[in-house]
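Welcome! Please take a moment to look over the sequence and the model below, and then we can walk through them together.

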Amino acid sequence: GTTILEACREAKMIVPTLCYLKDINEIGACRVCVVEIEGQDHLVTSCNNVVEEGMTIYTNSPKVRRNRKHTVEMILSQHDAQCATCVRSGNCTLQTVANDLNIVDSPYKKEICIEEWDTRYPLVRDASKCVKCMRCIQVCDKIQGMHIWDVSGTGARTTVGVSENRDIKTADCALCGQCITHCPTGALRERDDTDKLYRALEDKDTIVVAQIAPAVRAAWGESLGLSREEATVEKIVDALRRIGVDYVFDTTFSADLTIMEEGNEFVKRFTSGELKDRPMFTSCCPGWVRFLKSQYPHLVRQLSSAKSPQQMFGAAMKTYFAKSIDADPNDICTVSIMPCLAKKGEQNMELFYEEYAGHDIDIVLTTRELTRMIRAAHIEPTTLQDV
């Protein structure tokens with residue numbers, strides 16, 4: 001039952017892959033993982049063919065190398081290879097495979113697929129970079145169970161898009177970001193909001209206040225070459241201060257506020273008999289809330305009406321904190337450093353409050369955007385201090 005790919009990896013033999021995800025996407029769509037089996041005329045995909053007793057496999061024979069290189073060259077002929085301006089440059093599976101195969105030129109005519117997409121939406125899809133690996137479809141179907149993505153067309157005209165010809169804004173997407181995480185190229189990414197923060201930092205009258213979500217500290221140092229022990233949350237504070245942020249808070253502060261508000265709400269609803277049939281649900285994750293609203297709308301009335309820690313932080317900064325530093329709430333720009341783009345969606349949907357102008361939260365950046373800003377500021381990660 002062991003696949004050829006798994007056997008090769010167990011034997012420390014490298015076989016490149018592009019579309020493969022163990023137990024999720026083993027369909028051999030990209031054909032990058034082909035190998036040669038002695039006695040057989042045709043190459044076979046190693047990700048979905050099992051080993052047999054006595055089988056002799058060649059993972060890098062001349063026939064395999066030629067076929068693999070030709071396959072990747074064909075994929076590149078339908079790929080917008082503007083790597084210098086791609087957010088996945090340096091962390092792109094297609095780029096790595098092409099470099100490893102020593103592809104320095106593309107012999108085929110470019111036929112790039114161009115599709116319109118509203119880049120104001122938190123999730124951005126660039127069809128010109130899609131390699132039709134189907135990873136996004138399988139992850140969304142098998143893990144998240146949302147069925148947002150689907151494939152249409154055949155052959156060279158195969159495309160991936162929102163299922164049932166829906167617009168992404170009206171689909172049930174929870175903005176969990178799993179499709180972005182598993183996309184091997186830059187075809188899926190979060191909306192980049194770093195320019196908004198730069199503009200706020202350049203305005204001398206604007207007071208920039210940032211919050212750091214607890215989960216960010218678990219991953220921010222990876223792309224900067226810092227170990228988990230070195231990548232402390234205090235070093236994020238140092239980086240943000242060097243970039244120009246005026247005040248930095250930990251979201252755990254507003255999480256405590258959320259607990260108190262939700263506890264107070266629960267007591268009132270419980271004592272009034274409103275919760276006699278079902279409990280009160282709550283989550284700090286806007287992706288979970290979006291999921292509940294679209295998949296289990298009958299349970300929406302059981303949701304807590306309290307804001308999430310992210311939104312409570314913004315509200316506190318533009319009311320209590322503004323008064324404490326004698327500042328106009330209109331001059332405060334609240335920035336969230338969050339682990340996922342669902343927080344961008346939450347910021348987009350919040351209501352206008354009459355107590356002050358604008359949103360609770362003005363800008364939401366993901367961990368990836370944070371590390372890109374640190375690199376753009378030419379900050380040497382090893383010089384960051386625990387402040």
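## Starting at E36

E36 counts as buried, with a relative accessibility of 19%. Because the cut-off for buried is under 20%, E36 falls within that class. Keep in mind as you read that this is a predicted model. You can find E36 in strand 1.

Which residues does E36 touch, once those up to four places away in sequence are set aside? They are L43, T56, I57, Y58, S61, K63 and V64. For a sense of distance, try Q95, which is 59 residues from E36 along the chain: the C-alpha atoms of these two residues are separated by 24 Å.

## The sheet around strand 1

Strand 1 belongs to the next feature. Here you will find an open sheet of three strands, in the order 2-1-3, with antiparallel pairing. Strand 2 (44-45) and strand 3 (57-58) stand at the edges, and each has a single partner strand, so one side of each is left without a neighbour in the sheet.

Strand 1 covers residues 34-37, and two bridges pair it with strand 2 in the antiparallel sense. To see one of these partners, look at V35: its bridge partner in strand 2 is V44.

## The whole protein

Now let us step back. The protein has 387 residues, and 47% of them count as buried. Its secondary structure comes to twelve helices and eleven strands. Taken along the principal axes, the C-alpha atoms fill a box of roughly 80 × 55 × 40 Å.

How much of the contact pattern joins residues at least 24 apart? Among contacts between residues at least 6 apart in sequence, the share is 71%. The accessible surface comes to about 20,600 Å², and carbon and sulfur atoms account for 51% of it. As for charge, the protein has 46 positive and 55 negative charges, whose mean positions are 4 Å apart.

## Cysteines without disulfides

How many disulfides does a search of the whole structure find? The result is zero. C8 is in no disulfide, and the nearest cysteine sulfur, belonging to C33, is 9.6 Å away. C8 counts as buried, at 6% relative accessibility.

C19 is in no disulfide either; its nearest cysteine sulfur is that of C30, 3.6 Å away. A disulfide needs the two sulfur atoms within 2.5 Å, so the distance of 3.6 Å between the sulfurs of C19 and C30 does not qualify. C19 also counts as buried, at 1% relative accessibility.

## A hairpin to look for

Strand 5 (residues 149-152) and strand 6 (residues 159-162) run antiparallel and are joined by four bridges. One pairing to look for is D150, whose bridge partner in strand 6 is G161. Together the two strands form a hairpin with six residues between them. In the turn, G153 has a positive phi of about 80°.

## Two enclosed helices

Is helix 7 largely enclosed or largely open? Eight of the eleven residues of helix 7 (residues 233-243) are buried, so this helix is largely enclosed by the rest of the structure. The buried residues are V233, K235, I236, V237, D238, A239, L240 and I243. Their cover includes helix 6 (194-202), strand 8 (207-212), strand 9 (247-250), strand 10 (332-338) and helix 12. Just after helix 7 comes G244, with a positive phi of about 130°.

Helix 11 (residues 342-349) is largely enclosed by the rest of the structure too, because six of its eight residues are buried. These are A342, K343, K344, G345, E346 and Q347. Among the elements that cover them are strand 7 (188-190), helix 9 (286-295), helix 10 (309-324), strand 10, strand 11 (363-366) and helix 12.

## Ending at helix 12

Helix 12 takes part in covering the buried residues of helix 7, and it is also part of the cover for those of helix 11. T367 is found in helix 12, which spans residues 367-376. T367 is buried, with a relative accessible area of 13%.

What is T367 in contact with, leaving aside its neighbours within four places in sequence? Its contacts are V216, A219, W220, M338 and P339. One of these, M338, lies in strand 10, which runs over residues 332-338.

Conventions:
Residues numbered from 1 in each chain as written. Predicted model: local features only at pLDDT ≥ 70, side-chain atom pairs only at ≥ 80, totals over all residues. Heavy atoms only, no water. Buried < 20%, exposed > 50% of the residue type's maximum accessible area, 1.4 Å probe, protein only. Contact = heavy atoms within 4.5 Å. Areas by Shrake-Rupley, 256 points an atom, 1.4 Å probe, with all protein chains shown as cover. Lys, Arg positive; Asp, Glu negative; His and termini not counted. Charge placed at Lys NZ, Arg CZ, Asp CG, Glu CD. Pairing = 2+ DSSP bridges.
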